[in-house]
Amino acid sequence: MEIRDNLLDRIAEDEKEGWLGEIEGLRVSLVGAESRIDQIDSAPGSVAINLGMSRKAPAHPAQKEGAGSLRQSRDDQQ
């Protein structure tokens, strides 16, 4: 939906600035984005599910540990 909103904003700006050549391409992209949104919305099982997970959790803390362990493992092999 963010892509669609950005396309709409860009079309409005291009119309304001008189950049008519860009508008047609943006409209084609907009039709494609809206079509894809409709496909996603109508797909079976496309209901949002709340997993009860906090959004404030640190991003991938285990990944940092894993990367360090991998580096250490490579050093041990040499």
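## Crossing of H1 and H2

In this predicted model, helix H1 passes helix H2 in a left-handed crossing. The two helices pack at an angle of about 160°, and their axes lie 9 Å apart. H1 is therefore roughly antiparallel to H2, since an angle over 145 degrees falls in that class.

The contact between the two helices involves residues from both partners. H1 contributes Ile3, Arg4, Leu7, Leu8, Arg10, Ile11, Asp14 and Glu15. On the side of H2, the residues they meet are Glu22, Ile23, Leu26, Arg27, Ser29, Leu30, Ala33, Glu34 and Ile37.

## Overall architecture

The chain contains 3 helices and 0 strands. Read from the N terminus, its elements follow the order α-α-α.

Of its 78 residues, 10% count as buried. The chain exposes about 7100 Å², and carbon and sulfur atoms supply 52% of that area.

## Helix H2: length and buried residues

Helix H2 covers residues 20-42, which is 23 residues. At 1.5 Å a residue, a helix of this length should span 33 Å; the end C-alpha atoms of H2 are 33 Å apart, so the model agrees with the expected span.

The buried residues of H2 are Ile23, Leu26, Leu30, Ala33 and Ile37. Helix H1, residues 2-17, is among the elements that cover them. Each of these names, Ile23, Leu26, Leu30, Ala33 and Ile37, also appears in the list of H2 residues that meet H1.

## Leu30 and Val28 within H2

Leu30 is found in helix H2. Its relative accessible area is 11%, and Leu30 is classed as buried because this value falls under the 20% limit. Leaving aside residues up to four places away in sequence, Leu30 touches Arg4, Leu7, Leu8 and Ile11. Arg4, Leu7, Leu8 and Ile11 are listed among the H1 residues that meet H2. The C-alpha atoms of Leu30 and Asp5 are separated by 9.0 Å, although the two residues are 25 residues apart along the chain.

Val28 is likewise found in helix H2. With a relative accessible area of 55%, Val28 is exposed, because the value is over 50%. Val28 and Leu7 are 21 residues apart in sequence, and their C-alpha atoms are 10.0 Å apart in space.

## Ala12 and Met1

Ala12 is found in helix H1. Its relative accessible area is 44%, so Ala12 counts as partly exposed, a class that lies between the 20% and 50% limits. From Ala12 to Ile23 the C-alpha distance is 8.7 Å, with their positions 11 residues apart in sequence counted as separation. Ile23 is one of the buried residues of H2.

Met1 is found in the segment before H1. At 57% relative accessibility, Met1 counts as exposed, because that figure is over 50%. The C-alpha atoms of Met1 and Ala33 are separated by 8.1 Å, while the residues themselves are 32 residues apart along the chain. Ala33 is one of the buried residues of H2, and Ala33 is also among the H2 residues that meet H1.

Definitions and conventions:
Residues are numbered from 1 along each chain as its sequence is written. This is a predicted model: local features need pLDDT of at least 70, side-chain atom pairs count only at pLDDT 80 or more; totals for chains, interfaces and linings use all residues. Side-chain values use heavy atoms; hydrogens and water are left out. Helices (H or I, at least four residues) and strands (E, at least two) are DSSP runs, numbered from the N terminus. The expected span of a helix is 1.5 Å times one less than its number of residues. Buried means under 20% relative accessible area, exposed over 50%, partly exposed in between (1.4 Å probe, protein chains only). Contact means heavy atoms within 4.5 Å. Accessible areas come from the Shrake-Rupley method with a 1.4 Å probe; for residues, only the protein chains shown count as cover. Axes are lines fitted to C-alpha atoms, for helices over the stretch in contact, and angles run from 0 to 180 degrees between N-to-C directions. Angles under 35 degrees count as roughly parallel, over 145 as roughly antiparallel, 65 to 115 as roughly perpendicular and the rest as oblique. A crossing is left-handed if the near helix is turned anticlockwise from the far one by less than a right angle, and right-handed if clockwise.
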